[in-house]
Structures are given as C-alpha cells and as structure tokens.
Amino acid sequence: AISLSNDGALVLGHWGIDDIYNRFEPVLWQAASRTNITPGWLGQGRYAVFNPAKAELALLQHDGEVAVWPNSALTAAAASGASAPEPLLRLAAKPGRNRVALSPDGRWMAISEGLKVMLWDRQAPSAAPLALAGHSGDVSTIAFNPDGSALVTASADRTARVWRLAGTPAGKAPPSVELGGGHSAALSSARFSPDGLRVVTASDDNTVRVWDAAKGNQLATLYRHAGAVRSALFDASGEKILSVSDDGTAMLGRCDACRLALPALRKLAEDGVKLAPGELDSLTAEGKPRLHTFMLPRWLTDGK
C-alpha cells in the first residue's frame, strides 16, 4: 500500500506483522534521502494514503476515526517533532473501516466499511455520506480515476465495480457497472488506466485482468504469476502493467491485448510465430472437437 505525495518528495508505505494483533501501521520516508521521518501521530494510525494531485493525506486510526491532513503537517513534524496540528477534516470513529481514498480533485473521500463504501462530498461537509452498496463480499480496494469523476472498488465477491460520480444528483448514490464473470477468486486490487477508460484487476486466482471501464467487458487476461496476485496497476503510458504476486515476483510488461483490436493482435501473432506451409491448417484441424465412442451414451453406439 505505497503512495507518493503530489510533489514526489514523500513516500508513504505500511508495515505489518501477521500475528494475533494483526498490526498494520504507516511509515513515511523522504524520497531523496530515503530517511524514515514518520511522526509519532502518523505511526500510531492504521492506514494512510496521499492524495495523488493535492498536498494532503488521509489517515485512518485503529478505532475507525478518519482525518485529512495537509502535507505540511508531516514536514513540520519531521523537522520539530511537533504533535499533530488540527486536521482539515475529521470524521468520528466507527468500527469496521478498512481503507480510505481521496479523489485527485479534492472533492470526494471514500471509506470502505465491510461490504459497502461510504462516500463523502467534501464540498458539502454537512451532507450525509452516500452508501455505495452492491458487493456481496468485503471491499479490498478503493481507487479514483485521474479526474475524480469515477471510483472503482474491488471485492472478495470476485468482482469489481465502477461507480460514475459525475452528473449524479445530490444525495443520490451513483450508478455502477459490474466487472464480473472473469475471476474465480477474491480480488485484491483494482486500478484505472491513466485515461480512465480501462480497469486492471488482480486476484487470488493468480491472474491479472483488464476491463472496459464503461461497459464492464473483459478485454484481456494475463497469466504471468504462479501465486495470488496482490496488486496490479498501469504505468504512466497506459501500455504496460505492473503486478506483484505471492510467488515472490513483480512483473512489468506491455499488454497488447489491452490496447489493440483483434485483427491487429492476429497480425502480431502471425509476425511473431512463423509457421511452415500447411502447419496452420494442421493446427486448426487438431483444434476441432471430435467425439469418440466412449464419450457417447451406449444407446447411440450399439451398446458399446
């Protein structure tokens, strides 16, 4: 759960111990010096994340309290050891909160609470949050698209959902598109492409899958790991995907199937694998299904 400050000067990560206490705490570094500068009040939290486009971060406490702080509070604390100043926004504690995300435009804050996500409009602080309900399993990841007009959630129910925030009437939950029918195990992450048109998902079924964010169609499946995939995301160009797995590897590679139409993919395959004359016909014939007598009921094979 790594995130960078909007100016790239700070790196925020987490460390955890798999014991009965299930400890999971934020750690802050200066990117240039690689120095750990975690202030005490930040290190006592459970989960933290930077806003990728604004100088702020959200901190989730162990008791479920959520606060938004300016990045200047981090650098000031690192320089002087000062205690935490007053946050930009604070939400009262509530058990069951797991993740928090800030939209790049600074308008929205999303918090996962079990099967649902609660969405706060920071431009209307007195308004009640919107409940984004639709998953039948715990939500594992929340991520906004680059302009903050949509949100994607990944869940243990083997699906992801894209929620369209733009144009949604005030006080009404936004509509969603399900990205389902592909993964056979719980999803660990979901992220938008830089242009917001696609979503990449990672799953315990060892695969990475790419989806059309608007229609929910699956565009590609990447079989590149021998263990559960914990995270996957596009690079800045949108043409490569980075994935990290329990098999101990991180893989970065181009996803041609994510960006090219089927005729272009066929041409790539033909150019990449030169077949001998007649070999394609032979392979095609071998690929056709054939019924053998032992696959048929006895009344169709004279009792054999």
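**Surroundings of T159 and G45, and a four-stranded sheet**

In the predicted model, T159 is in contact with H135, T153, A154, E178, L179, G180 and L187, leaving aside residues up to four places away in sequence. T159 is located in the loop that links β13 (150–155) and β14 (160–164). The relative accessible area of T159 is 9%, and this residue is therefore classed as buried, the cut-off being under 20%. Two polar contacts of the T159 side chain were found. One, of 2.7 Å, is made with the side chain of D157; another, of 3.5 Å, is made with the side chain of H135. H135 also appears among the residues touched by T159.

A second loop position, G45, lies between α1 (40–43) and β4 (47–50). G45 is buried, its relative accessible area being 0%. With residues up to four places away in sequence left out, G45 touches F24, E25, P26, L59, L60, Q61 and H62. D19 is 26 residues from G45 along the chain, and the C-alpha atoms of these two residues are 18 Å apart.

Strand β4, which follows the loop of G45, belongs to an open sheet of four strands. The strand order is β4-β5-β6-β7, with antiparallel pairing. The edges of the sheet are occupied by β4 and β7 (89–91); each has a single partner strand, so one side of each lacks a neighbour in the sheet. From one strand to the next, the twist averages 15 degrees. Strand β6 (residues 66–70) and β7 run antiparallel and are joined by three bridges. Within this pair, V66 has L91 of β7 as its bridge partner.

Key: Residues are numbered from 1 along each chain as its sequence is written. This is a predicted model: local features need pLDDT of at least 70, side-chain atom pairs count only at pLDDT 80 or more; totals for chains, interfaces and linings use all residues. Side-chain values use heavy atoms; hydrogens and water are left out. Helices (H or I, at least four residues) and strands (E, at least two) are DSSP runs, numbered from the N terminus. Buried means under 20% relative accessible area, exposed over 50%, partly exposed in between (1.4 Å probe, protein chains only). A polar contact is a pair of N or O atoms within 3.5 Å; within protein, one must be able to donate a hydrogen and the other to accept it, and residues adjacent in sequence count only if both atoms are side-chain atoms. Contact means heavy atoms within 4.5 Å. Two strands pair if DSSP finds at least two bridges between them. Axes are lines fitted to C-alpha atoms, for helices over the stretch in contact, and angles run from 0 to 180 degrees between N-to-C directions.
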